[in-house]
Structure formats: C-alpha cells, structure tokens
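Student: Give me a close look at the ligand site, then set it in the context of the hollows around the protein. Of the residues around the ligand, which come nearest?

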Amino acid sequence: MRRTLAAGNWKMNGTPEMLAELATLTGGASDTAPQIIICPPAPLLTRAAEATANSPVDIGGQDCHANAKGAHTGDVAASMLKDAGASAVIVGHSERRADHHETNAQVRAKAEAAYAAGLTAIICIGESEEERLGPDCLDIIAAQLDGSAPDSATAENTVIAYEPIWAIGTGRVPTMEQIVETHDMIREKLINRFADQGENMRVLYGGSVKPTNAAEIFQAENVDGALVGGASLKAADFQPIIDALAAS
Ligand code: PEP
C-alpha cells in the first residue's frame, strides 16, 4: 500500500508572510493520510520548517548540487537543505532541465547526492508537446526515467513525478487515458528495474493540478498523488487537492 503524497513546488515564489498558511494545512498526520511536502525557495526553508514544526507538513528543497561542497557559486548542497529542515528535494524539474540544461546524468547524480544527505529525491520526468504528439512519447519518458533514477533508488528514498512539460502552468492536462497509460508504463518500468521497491515507489502526476480536476486524476491506480505548482501557493487551493487525495 503506497502512502499518497501532495507535494507543492513554490518555484521562485513566496514571502515570509505566506509561510503562516502552511501551518493551516491539514492531513498528513498519520500514515493513512496523504503526506504533505511544501518546497519553498531555499532562503525560506528554515522559516518554513519552523512554521510547520507542529504541523503535519514536511519541507523540501527545489534543487540541490550533485557535489557535497565546493566552488559552486549560487548552488546549494543537499546536506544544507537537510540542515535547514528539509526531508526531500525536487531534482530534474523541467524548468531546471530547460533553464540550466540539466541532463539525465546530472539529475541522477543530484538524486544520489540527496540520498547521501538523507533526503528523499522527487525525480521529475516528462515530455514536451512535440514529443507527446510523436510516435515515441512513452519511449522518451521511459528513457528519461532510466537515465534519471539511480540504481540505488528505493521506495523510501525516491518519488517519481511525471510532469508533461506542456501541462505545467498552462491549465492544460493530458486526457485520463494518457495519464493512465503513462503511469502504468512507469510502474511497469519501476517493477522491472527495482522489483518490490518499484512496486512501492510513489509516482506523482504534475501539471495544472487544480481543486477542479484533482479527484479525477487521483482515480488512476498508479497515480499516488501530485506535484503541484501554482495551486500550492494558497492553502485555499492546495487544501482541496489534499482532501481529494485523502478521499481517493
Ligand atoms: C510544477 O511546476 O511542477 C507544476 C506542476 O506546476 P503547475 O501545477 O502550476 O502546473
């Protein structure tokens, strides 16, 4: 039985004032309730961890460097995220793959750095619109998964987030048929490579998840939750998504 997960990616948004809302999110208190993780920008991590100390909300980073330390101006090591109160980190988000030219190999190295620091890696994969329209879409996603997930991935240290790039921040979502087909393929690949660990590894859907479409998306057997961008910024939008997950 996989525990469901609602993860919020604040991207380069967030103010100290917004942190108070985090403590109002409910759910996640027991193992049968969805886990909640909010990933604010790095400078807000410590305050976010303090704001959620007595709440069921866990905190995550949005990226980490593959190295443990060194001359990498502007970058953050996984252990620093851990020290700031994070228990997870997103790696390989499509915005980082696009803006910072991150490759599957780099994403894999970042996930390994996350494991070494004791963080869960939320590894993002997903196709462009052109790839979705072409004949090899599932093969492309499978190759991303193979290249980005380390051999040492387990159900505990890894979450996979399937995020079609064309659905992120656009208000567009794949059809349920496409979501089911893609998540089923990802599950099959995970089981082939990681056996029981792959069966138990959580696979999130991400891309324009809203209170209005969450319940339908969560009906799919191999959708274990969501990675949510815009709708995670306000408790009024994120809470109904958590509630839909709890009811799924
Ligand atoms: C994301 O950035 O991971 C994301 C899914 O964004 P949105 O929910 O805004 O589409």
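Tutor: Start with one term. A polar contact is a pair of N or O atoms within 3.5 Å. Keep in mind that this is a predicted model.

Now the ligand. The residues that come nearest are K11, E163, G169, S208 and G229. They belong to a group of 14 residues around the ligand. By class, this shell has eight polar residues, four nonpolar ones and two charged ones.

Next, look at the backbone. For G169, a backbone N or O atom lies 2.7 Å from an oxygen atom of the ligand. S208 offers a backbone N or O atom at 2.8 Å from a ligand oxygen. G230 does likewise, with a backbone N or O atom 2.9 Å from an oxygen atom of the ligand. How much of the ligand does the protein cover? On its own, the ligand has 290 Å² of accessible area, and the protein covers 97% of that.

Move on to the pockets. The largest pocket has a volume of about 560 Å³. It is lined by 21 residues, and those closest to its centre are K11, M12, Q62, D63 and R96. K11 is a residue to note here: it is among those closest to the pocket centre, and it is also among those that come nearest to the ligand. Helix α4, residues 94-99, gives the most to this lining, with three residues. By class, the lining of the largest pocket has nine nonpolar, six polar and six charged residues.

The second largest pocket holds about 340 Å³ of space. Its lining counts 16 residues, of which M1, R2, R3, T4 and S248 are the closest to its centre. Eight of the lining residues are nonpolar, three are polar and five are charged.

Stay with R2. Its side chain meets that of D224 in a salt bridge, at 2.9 Å from N to O. D224 lies in the loop between α10 (214-217) and β8 (225-228), and R2 in the segment before β1 (5-9), so the pair ties together parts that are 222 residues apart in sequence. In general, side chains of opposite charge can pair when their charged atoms come close. The structure holds 11 salt bridges.

Last, the enclosed space. The structure holds one cavity of 30 Å³ or more. The largest cavity has a volume of about 50 Å³. Its lining consists of W10, M18, E21, L22, L25, S232, L233, K234, A235 and F238. Two helices, α1 (19-22) and α11 (235-246), each supply at least two residues of that lining. By class, the cavity lining divides into seven nonpolar residues, one polar and two charged.

To return to your question: K11, E163, G169, S208 and G229 come nearest to the ligand. Of these, G169 has a backbone N or O atom 2.7 Å from a ligand oxygen, and S208 has one at 2.8 Å.

Conventions. Residues numbered from 1 in each chain as written. Predicted model: local features only at pLDDT ≥ 70, side-chain atom pairs only at ≥ 80, totals over all residues. Heavy atoms only, no water. 1 Å grid on protein atoms, 1.4 Å probe; cavity = no way out; pocket = protein on both sides within 12 Å on 5 of 7 lines; lining within 4 Å. Points joined across faces, edges and corners; volume = space filled by probe spheres on them. Helix = DSSP H or I, 4+ residues; strand = E, 2+ residues; numbered from the N terminus. Nonpolar A, V, L, I, M, F, W, Y, C, P; charged D, E, K, R; others polar. Near = heavy atom within 4 Å. Polar contact = N/O pair within 3.5 Å; in protein donor to acceptor, adjacent residues only side chain to side chain. Areas by Shrake-Rupley, 256 points an atom, 1.4 Å probe, with all protein chains shown as cover. Salt bridge = Lys/Arg side-chain N within 4 Å of Asp/Glu carboxyl O.
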